[in-house]
Amino acid sequence: MILNELEEIGISNSGEIFHNLDYEDLIEHELKNGEVERVKTGATAVDTGIFTGRSPKDKYFVEQDESKKYIAWGDVNKPVSKEIFEELLQVARDELSGKDIYVTDVFCGSSKASKRSVRFVTEIAWQSHFVKNMFIRPTAGELARFKPEFTVLNACKAVDEKWKEHGLNSEVFVMFDIEANIAIIGGTYYGGEMKKGIFSMMNYWLPLEGKMAMHCSANVGKDGDTALFFGLSGTGKTTLSTDPNRALIGDDEHGWDEHGVFNFEGGCYAKVINLDRKSEPEIYGAIKEEALLENVVVDGDGEVDYEDGSKTENTRVSYPIEHIENHVPSLQAGHPKNIIFLTADAFGVLPPVSKLTKEQAMYYFLSGYTAKVAGTERGITEPVATFSACFGEAFLPLHPTVYAKLLGEKIDEHGVHVYLVNTGWTGGGYGEGKRMSIKDTRACINAILNGDINKSEFRTTKTFRLSVPNTLGDIDSKVLFPREAWADKEAFDTTRDKLAQMFIDNFHKYQDSSHEFDFSEAGPKIGS
């Protein structure tokens, strides 16, 4: 039957078809094919080749009816003609035809009302392993009646030799035909293209059904109180949602439908650069058999040097979520009580915790702010502001305001509290101040989750007009109000206004008349 289904999508004269292999067989294939090496803990390690991260400039959607009227075309979502897509689809078919291939059937979304069935086809065993780790693994009964709603042909060994003629960015292609429910990948081995490709599709499908798709982690307390953690890379999203007193729903991608919050995935994809057993014991302990390490340095004895970033700083591991002992087996929980936006502000301006109004929540959600420290090759230490709409702009096929509007409706409907938590610098910006202590950040998170923060009296800061608690447990009041922690108050005011202007400038794109609402009034006001 699988042979017939592959022929229907144009893959012919196949060699052996390895359909839904179990972990033991997949790992045996990886080792036999010379694709991976075994490390001491029992996990396998792979090098993903030239690409150790996604290739966003090579991502395209076919421009056609009906989907073209919904997609927000631009630098993130670039159009490609149906003719070019069909040409490269044939390149992918030719690459996958006449040889042994791996076919993996999975679900994206743990909610029955919102999940999608996805089939991945590849000629590389470790990519099948990656997919098995990252998505939801169907039961034997579900596999027996599995019908894919979307198919990904991963022809990573093929390239677009005519890319200049096609007017594309490079010989690499990651393309989606929404109407035909198929995606093709060529020129890059990186597994994250498959994971984030389906995430992008969920970000297309679900909002059109009135459901949220979110780039966030989620956990739930013993009393059933669900919390969401939004944040860009380096803000602490994975670390802060992994809590021994709360069960993990998932660490990266979630939906929010009429039944509550649900994980899109069945696994975790954690950064492992500088991984330490003491500071992140759950992730460290998850790197065992069935886990798949990417681009780490392994010595002759199978020991992994997590501090070695010579291949890439983006070293990662994928593993089934079952490797985290304290997780929610159903991968679902009720509607959230609290939403936390995480930012690592390297300017040292934002308070460690602020309670947001609904309008402020929309503003900071659309802003998606964090700050990264610039490279020091030429002695540059000035922080660089990064704005990524909805904390995941690279994966949003629709306009960011679509997601913000949905979030606002759900905040109103379920009475959700929203907070902004700064995990960045205090007492000065990068180079002068110090990084917010994990102890203080944990205290802020705990006060939010146990409700203690609501016992505090609040006051409003200047310019950013954020509502900050006067006292919060044992946290120094100078930390709660950043200006008080700066020795040079004038320097703080100058830096604060500089950052505020960056917010204002970034938000201009949401203020034209074509959008249904404008939350700029909830943002910073210089001089106020």
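Two strands count as paired if DSSP finds at least two bridges between them. Keep that in mind for the exercises below, which all deal with a predicted model.

**Exercise 1. Walk through the eight-stranded sheet: what is the strand order, and which strands are at the edges?**

Start with the order. The eight strands run β1-β6-β7-β8-β10-β9-β4-β5, and they make an open sheet with mixed pairing. Next, look for strands that pair on one side only: these are β1 (17-19) and β5 (78-80), the edge strands. From one strand to the next, the twist averages 25°.

Now zoom in on one end. Strand β4 (residues 59-62) runs parallel to β5, and three bridges join the two. For a landmark there, find Phe61, which stands opposite Pro79 in β5.

Finally, see what lies across the sheet's strands. Helix α4 (residues 125-134) lies across β6 (101-108), β7 (116-122) and β8 (150-154), and runs at about 10° to β6.

**Exercise 2. Describe how α2 packs on α4: at what angle do the axes cross, and which residues meet?**

Two packed helices are described by the angle between their axes and the distance between the axes.

Take helix α2 (residues 23-32) and α4: their axes come within 8 Å and cross at roughly 150°. Angles over 145 degrees count as roughly antiparallel, so that is the label for α2 and α4. As for handedness, this crossing is left-handed.

Then list the residues. From α2 come Tyr23, Leu26, Ile27, His29 and Glu30; they meet Ala125, Trp126, Ser128, His129, Lys132 and Asn133 of α4.

**Exercise 3. Do the same for α10 and α11: is the crossing left-handed or right-handed?**

Begin with the geometry again. Helix α10 (residues 358-367) and helix α11 (residues 400-414) have axes that come within 10 Å and cross at roughly 150°. The pair is therefore roughly antiparallel. The crossing of α10 and α11 is right-handed.

On the α10 side, the contact residues are Lys358, Ala361, Met362, Phe365 and Leu366. Their partners in α11 are Pro400, Thr401, Tyr403, Ala404, Leu407, Gly408, Ile411 and Asp412.

**Exercise 4. Place β12 among its partner strands: which run parallel or antiparallel to β12, and how many bridges are there?**

First partner: strand β11 (residues 212-220) runs antiparallel to β12, with five bridges between them. The two form a hairpin with five residues in between, and Gly224 in the turn has a positive phi of about 85°.

Second partner: strand β22 (residues 336-343) pairs with β12 in the parallel sense, over six bridges.

Thr226 ties the two pairings together. Val220 has Thr226 as its bridge partner in β12, and Thr226 in turn has Pro336 as its bridge partner in β22.

Now check how covered the strand is. Six of the six residues in β12 (residues 226-231) are buried. Thr226, Leu228 and Phe230 point one way, while Ala227, Phe229 and Gly231 point the other way.

**Exercise 5. Compare the surroundings of Phe230 and His254: what does each residue touch?**

Phe230 is found in strand β12. Its relative accessible area is 0%, and the cut-off for buried is under 20%, so Phe230 is buried. Although 14 residues separate Phe230 from Cys216 in sequence, their C-alpha atoms are 4.5 Å apart. Leaving out residues up to four places away, the residues Phe230 touches include Met214, His215, Cys216, Lys237, Ile339, Phe341, Phe365 and Phe391. Phe365 is also one of the α10 residues that meet α11.

His254 lies in strand β14 (residues 253-257). With 0% relative accessibility, His254 counts as buried. Its side chain reaches the backbone oxygen of Cys216 at 2.8 Å. Beyond neighbours within four places in sequence, the contacts of His254 include Met212, Ala213, Met214, Cys216, Ile249, Val261, Phe262 and Phe264.

Put the two together: Cys216 is among the residues touched by Phe230, and Cys216 is also in contact with His254.

**Exercise 6. Sort out the five-stranded sheet: which strands stand at the edges, and why is one side of each left without a neighbour?**

The order is β2-β3-β17-β20-β16, an open sheet with mixed pairing. At the edges stand β2 (37-38) and β16 (267-271); each has a single partner strand, so one side of each has no neighbour in the sheet.

For a closer look inside, strand β3 (residues 44-46) and strand β17 (residues 292-294) run parallel and are joined by three bridges. Ala45 stands opposite Leu293 in β17.

Key. Residues numbered from 1 in each chain as written. Predicted model: local features only at pLDDT ≥ 70, side-chain atom pairs only at ≥ 80, totals over all residues. Heavy atoms only, no water. Helix = DSSP H or I, 4+ residues; strand = E, 2+ residues; numbered from the N terminus. Buried < 20%, exposed > 50% of the residue type's maximum accessible area, 1.4 Å probe, protein only. Polar contact = N/O pair within 3.5 Å; in protein donor to acceptor, adjacent residues only side chain to side chain. Contact = heavy atoms within 4.5 Å. Axes fitted to C-alpha atoms, helices over the stretch in contact; angles between N-to-C directions. Parallel < 35°, antiparallel > 145°, perpendicular 65-115°, else oblique. Left-handed = near helix turned anticlockwise from the far one by under 90°.
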